[in-house]
Amino acid sequence: MSFNLSSRLAERRAAHLYRQRPLLQTPQGVEVQVDGERLLSFCSNDYLGLANDPRVNDAFVEGVQRWGTGGGASHLVTGHSGAHHALEEALAEFTGRPRALLLSSGYMANMGTVTALVGQGDTVLQDRLNHASLLDAGLLAGARFSRYLHNDADSLRGRLGKAQGNTLVVTDGVFSMDGDLADLPAVCAEASGAGAWVMVDDAHGFGCLGDQGGGIVEHYGLSMEQVPVLVGTLGKAFGTAGAFVAGSEELIETLIQFARPYIYTTSQPPAVAHATLTSLHLLREERWRREHLAALIRRFRTGVDALGLELMDSPTPIQPIVVGSSERALALSAALRQRGILVTAIRPPTVPKGTARLRVTLSATHTEQQVDRLLEALAQAQQELIHE
Ligand code: PMP
């Protein structure tokens, strides 16, 4: 017996599902160099264009000078610096909650939170299109785990009726591969009727939704009682790295005591936390970024509609174009690349079979002319594939 890795890899290649890592040779931005080519990029999660903002970069350098480079230890040993603490306080104030806890990544925040809150004898219910980190956390928690139909309150209600023990209903705020919003008022109403708690992972909503950039909870005007567990990530609109959970004093203390991915890992570099204080300030104050994004989203959707391509029901910077087969998604992505435009093809298992797509993401640093260039290239690429 041996591990037959080569046949596994060959199968993946034959199914057009082989994944590759484009090599980025410039900082994040709308114009990048990838694998030696200058390209106009529409595939970053840097929605507000803060990942290479000079003021955030300067704050990062200042953070290194003040706090050094490494986190040095886990938070419970000597890794919890003043920089981390200041960011936690700022995030608590931003989300209007008593406390926030900083973790090294969104993946770990989701793992740590779900596994700390439910276990054997409990129930975790998740939207079936939730991010992989939430689904993995559901499997690891040891609780009864069931997925309800996407954004479907009836399906959720049916599962709540069979739930046992403490019940956690978990949903993405903005669905990462579709760009649509969770129907949170409906989810909260169902959960509260059944005495369950709601946890929202708003990785893609913070910074983009809500007047202040407070994400989906601000967008719908929901309270902490309705959404007791709120997760945000810092690697997207904030432009840095890491994640946070915001909630009550007791929730945060519970995570500090029981969330293994929090306890058993080195704290994020303190300079990242220091830089994030600046990006939080910009995210709140520079409202023009959200306004410009909204205008770009409208322009893009109108243009794609005119081309007769299939868009999803998304009001966010995530604007996927569903094309069906993985082969076709790859061909469209390659045709765009020939025209100097970078848009990644997203294929199963990241999305359901038969729904491979081009995941276009817009950024506040794109111009209207750049969006028009993308639309023109899409029209040409589509024509080229039809005539092939
Ligand atoms: N949640 C969602 C909805 C995401 O899309 C992602 C990452 N793309 C994560 C969590 C993980 O966050 P991080 O990259 O900080 O690990």
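This report describes the core, one helix, the ligand shell and some backbone features of a predicted model.

Residue numbers start from 1 along each chain, in the order in which its sequence is written. In this predicted model, local features need pLDDT of at least 70 and side-chain atom pairs count only at pLDDT 80 or more, while totals for chains, interfaces and linings use all residues. Helices (H or I, at least four residues) and strands (E, at least two) are DSSP runs numbered from the N terminus.

**Core.** A residue is called buried if 20 or more other C-beta atoms lie within 10 Å of its own, exposed if 12 or fewer do, and partly exposed in between, with C-beta atoms placed from the backbone. A nonpolar core is a set of buried Ala, Val, Leu, Ile, Met, Phe, Trp, Tyr and Cys residues joined through C-beta atoms within 7 Å. The largest such core has 107 residues, and those touching the most other members include Val 114, Leu 168 and Phe 244. Helix α12 (residues 270-285) gives the largest share of this core, 7 residues. At least three core residues come from each of domain 1 (15-48 + 287-386) and domain 2 (54-285); the bounds are from an automatic or database domain assignment.

Contact here means that two C-beta atoms, placed from the backbone, lie within 7 Å. Leaving out residues up to four places away in sequence, Val 114 touches Val 124, Leu 134, Ala 137, Gly 138, Ala 141, Leu 168 and Val 170.

**Helix α6.** Ser 133, Leu 134, Leu 135, Ala 137 and Gly 138 are buried in helix α6 (residues 132-140). The buried residues of α6 pack against α5, β4 (123-127), β5, β6 (167-172) and β7 (197-201). After α6 comes Gly 142, with a positive phi near 85°.

**Ligand shell.** A residue belongs near the ligand if its C-beta atom, placed from the backbone, lies within 6 Å of it. Among the 14 residues around the ligand, Ser 105, Gly 106, His 131, Ser 176 and Ala 203 come nearest. Helix α5 (residues 106-117) supplies the largest share of this shell, 3 residues.

**Backbone features.** Two residues other than glycine have positive phi values, as tabulated.

| Residue | Phi | Loop |
|---|---|---|
| Asp 35 | near 45° | between β1 (31-34) and β2 (37-41) |
| Asn 151 | near 55° | between β5 (144-148) and α7 (153-161) |

Asp 35 is partly exposed because it has 13 C-beta neighbours inside 10 Å. Asn 151 has 21 other C-beta atoms within 10 Å and is therefore buried. The peptide bond from Pro 348 to Pro 349 is cis, with omega near 10°. Pro 349 lies in the loop between β12 (345-346) and β13 (356-361).
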